[in-house]
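Biologist: Please take a close look at the interior of this protein, with attention to the nonpolar core and the aromatic rings beside it.

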Amino acid sequence: MTLEIVSPEATLFTGTVTSVTLPGVDGSFQILNNHAPIVSILQEGDIKIVAPAFEFSKLSAAKFTKVDEQTYTLHITSGTIEMNHNKVIVLVD
């Protein structure tokens with residue numbers, strides 16, 4: 001599935017991912033390939049991204065924390081997420 005993370009300043013990440021775990025207002029939840037359509041509000045916490053490979057711009061690379069070769073996290077204060085047709089769009093603050 002495709003993941004796009006957008007902040008007010010720039011697009012932080014765009015790429016193909018295996019899974020993404022998000023800090024929802026009612027608790028963390030994970031989205032996998034072919035997940036049902038969903039729209040949700042996010043609270044402060046970490047977005048965990050699992051992917052076979054990562055490419056970051058120089059501006060956005062400093063915002064991500066490497067967990068291992070296939071996992072990175074991004075700390076957010078709030079946001080929203082939409083998943084539809086195997087594309088996840090996350091708007092973050």
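Modeller: The core is described below, followed by the aromatic pairs. This is a predicted model, in which local features need pLDDT of at least 70 and side-chain atom pairs count only at pLDDT 80 or more, while totals for chains, interfaces and linings use all residues. Residues are numbered from 1 along each chain as its sequence is written, and side-chain values use heavy atoms, with hydrogens and water left out.

A nonpolar core is a set of buried Ala, Val, Leu, Ile, Met, Phe, Trp, Tyr and Cys residues joined through side-chain atoms within 4.5 Å; buried means under 20% relative accessible area, exposed over 50%, and partly exposed in between (1.4 Å probe, protein chains only). The largest such core has 24 residues, and Ile5 and Val90 have the most contacts inside it. Among the strands (DSSP runs of E, at least two residues, numbered from the N terminus) that each supply at least two residues of this core are strand 1 (2-6), strand 2 (11-16) and strand 10 (87-92). Beyond its neighbours within four places in sequence, Ile5 is in contact (heavy atoms within 4.5 Å) with residues including Phe13, Phe64 and Val90.

Seven aromatic pairs are present; rings of Phe, Tyr and Trp (its six-membered ring) pair if their centres lie within 6.5 Å, and planes under 30 degrees apart count as stacked, over 60 as edge-to-face and the rest as tilted. Phe54 and Phe56 are stacked because their ring centres are 5.7 Å apart and their planes at 15 degrees. Phe54 is buried at 17% relative accessibility, whereas Phe56 is partly exposed at 24%. Ring pairs join both to Phe13, Phe64 and Tyr72 in a cluster.

Key
Helix = DSSP H or I, 4+ residues; strand = E, 2+ residues; numbered from the N terminus.
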